[in-house]
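Take a moment to turn the model around before you read on. The report below walks through a few of its corners.

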Amino acid sequence: MNKKIFIKTFGCQMNEYDSNRIFDTVQKIGFDRTENLNEATCYLLNTCHIRDKAKEKVYHEIGRVKKNFRKKIKPLVIVTGCVAQAENQEMLKREPYIDLVIGPQAYHKINHKIEEYLDKQKKIEETEFDAVSKFNYFKDIKNSSNKVSSFLTIQEGCDKFCYFCVVPFTRGPEYSRPFNEIINEAKILADNGAKEIIFLGQNVNAYKNENYSLADLILEVEKIPKIERIRYTTSHPRDMSDDLIDVYGVTKKLMPLVHLPIQSGSDKILKSMNRKHTVKDYLVVYEKLKKINESVEFSSDFIVAYPGEEDEDFNETIEIIKKIKFINSYSFIFSPRPGTRASNYELIDKKVSSKRLDIIQKHLFQNQINKNKSFENKIMNVLVENLTEDKINFFGRSEYMTPVILNGSEENIGKVVPVKITGSNKNTLFGKIENNSNQKVA
Ligand code: SF4
């Protein structure tokens, strides 16, 4: 029988990268990938623990699969990712439909675990933290991703222990992959058609391998001729080192959008989050970057109504938004994650939280609208990624990561083209490919 794996991914780009690497691995034991759940002989759910009710969403999803296969042969069911790590044995007890539970630092063992399960028909849970062996294994398995914009995980885990976050518990301590391994993988991705590399890590700018830093990685990948754009996410303000900031003054390929979560504009709240930076530290980074490269813009993450947040603290957050004019940000009401220190803190009244979220989003969205509007009638460089779903237009991204819908032809896919922006809304720019490229590019 043909072995077909259906992979569903929840959560962040790191999970998307992991899902692809898992597929690169299970291919070795004969699995093909399918997008059709009904023909799957293996169902793999790669989970995320960041959002609210993450655990319940996973059980709900497994319930859906169970229903789907009620009158058919049961697929092998594997749960991976951060919920698998956090729940481990509990998952197998609560939902017997699940066969294997594998944590993020044990993906290199997946083939062995599948074979062991098929041989013994005994449920398996594997959640050991072993990032070194994992990446050591992956270095010999060719990354088959062939996307114009490809992710490349360079670092995993976190030592910072913000009091609201589960990552240090689900992904383990900070680990940086060897420099040469990353460069080799970037070359493979470039040969597969990648024009943009997005370095990933929970604390990507904490990357440190021997004497190499993220700045060194960027400058080295910049030398790969087929790569036209480089990005990285997600960073921590404390790790915005001077050598990384300096790269923005010399780079030709590092894009000018810095995603740098601040979470709150109040030092009191930052302290009670254990963020290990102040608002002033953040502003120093902002000023330095702006000085070295005026075109740099910022995006951020905000937690609204963190326990103890008073009106004064909230207003300070609004002030920082007005000052920095983040061009694209994520904002959420605080929700406790089991096992974290902040999960023991007293929650803020729901009405107050919702009102604050409305206010903050009004400011953030207005910044987005204003910024997008400012691009109208200008020429922007756009990396064309694919056809839109209606198969009429094309989808690309500006240097600031903003989605751009444009006219074009298939031969534009994978190319950076000058696009005249003819319209905009909060999330998207619309434009036409400009043949006269003598005009100034925004
Ligand atoms: S630095 Fe980021 S990943 Fe680490 S604990 Fe804080 S929020 Fe979580």
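What follows is a short tour of one helix, a ligand site, some backbone details and a handful of single residues. Keep in mind that this is a predicted model.

**Helix α9 and its neighbours**

Let us begin with helix α9, which runs over residues 214-221. Its buried residues are Leu 214, Ala 215, Leu 217, Ile 218 and Val 221. These residues share the same side of α9, because the arc they cover around the axis is only 160°.

What do the buried residues of α9 pack against? Their partners are two helices, α8 (179-191) and α10 (242-250), together with the strands β10 (196-200), β12 (212-213) and β13 (229-233).

One of these partners, α8, can be followed in more detail. The axes of α8 and α9 are 11 Å apart, and the two helices pack at an angle of about 35°. The crossing of α8 past α9 is right-handed. On the α8 side, the contact is made by Phe 179, Ile 182, Ile 183 and Ala 186, while α9 contributes Leu 217, Glu 220 and Val 221. Sorted by character, the residues of this contact are six nonpolar, no polar and one charged. Leu 217 and Val 221 are also on the list of buried residues of α9, so try to find them in both roles.

**Around the ligand**

Now move to the ligand. Which residues surround the ligand? Three cysteines take part, Cys 158, Cys 162 and Cys 165, along with Lys 160, Phe 161, Val 167, Pro 168, Gln 202, Asn 203 and His 236. This shell divides into six nonpolar residues, three polar ones and one charged one.

Two members of the shell, Phe 161 and Cys 162, appear again in the surroundings of Asn 274. Leaving aside neighbours within four places in sequence, Asn 274 is in contact with Phe 161, Cys 162 and Tyr 163. Asn 274 itself is in the loop between α11 and α12 (279-292). It counts as partly exposed, because it has 14 C-beta neighbours inside 10 Å.

**Backbone details worth a look**

Most peptide bonds are trans, and most residues other than glycine have a negative phi. The model has exceptions to look at. A cis peptide bond joins Thr 233 and Thr 234, with omega about 0°. Thr 234 is in the loop between β13 and α10, and both of these elements pack against the buried residues of α9.

Lys 325 has a positive phi, near 55°, and is found in the loop between α13 (311-324) and β16 (328-333). Is Lys 325 buried or partly exposed? It is partly exposed, because 15 other C-beta atoms lie within 10 Å. Asn 377 also has a positive phi, near 70°. Its place is in the loop between α14 (350-374) and β17 (379-387). Asn 377 is exposed, with 12 other C-beta atoms within 10 Å.

**Single residues and their distant partners**

Positions that are many places apart along a chain can be compared in space too. The table lists four pairs, with the separation between C-alpha atoms.

| Pair | Apart along the chain | C-alpha separation |
|---|---|---|
| Val 148 and Asn 203 | 55 residues | 24 Å |
| Gln 263 and Tyr 330 | 67 residues | 9.5 Å |
| Asn 274 and Arg 341 | 67 residues | 10.0 Å |
| Glu 87 and Thr 127 | 40 residues | 9.6 Å |

Asn 203, in the top row, belongs to the residues around the ligand. Its partner in that row, Val 148, has its place in the loop between α6 (131-138) and β7 (149-153). Val 148 is partly exposed, with 19 other C-beta atoms within 10 Å. Not counting residues up to four places away in sequence, Val 148 touches Gly 193, Ala 194, Lys 195, Glu 196, Leu 383, Glu 385, Ile 413 and Gly 414.

Gln 263 is in the loop between β14 (257-259) and α11 (267-273). Why does Gln 263 count as buried? Because 24 other C-beta atoms lie within 10 Å. Apart from neighbours within four places in sequence, its contacts are Leu 270, Met 273, Arg 275, Asp 301, Phe 302 and Ile 303.

Finally, Glu 87 lies in helix α3 (residues 82-87). Glu 87 is buried, with 27 other C-beta atoms within 10 Å.

Note on methods
Residues are numbered from 1 along each chain as its sequence is written. This is a predicted model: local features need pLDDT of at least 70, side-chain atom pairs count only at pLDDT 80 or more; totals for chains, interfaces and linings use all residues. A residue is buried if 20 or more other C-beta atoms lie within 10 Å of its own, exposed if 12 or fewer, and partly exposed in between; C-beta atoms are placed from the backbone. Helices (H or I, at least four residues) and strands (E, at least two) are DSSP runs, numbered from the N terminus. The arc is that of the directions from the helix axis to the C-beta atoms. Two residues are in contact if their C-beta atoms, placed from the backbone, lie within 7 Å. A residue is near a molecule or strand if its C-beta atom, placed from the backbone, lies within 6 Å of it. Ala, Val, Leu, Ile, Met, Phe, Trp, Tyr, Cys and Pro count as nonpolar, Asp, Glu, Lys and Arg as charged, and the others, Gly among them, as polar. Axes are lines fitted to C-alpha atoms, for helices over the stretch in contact, and angles run from 0 to 180 degrees between N-to-C directions. A crossing is left-handed if the near helix is turned anticlockwise from the far one by less than a right angle, and right-handed if clockwise.
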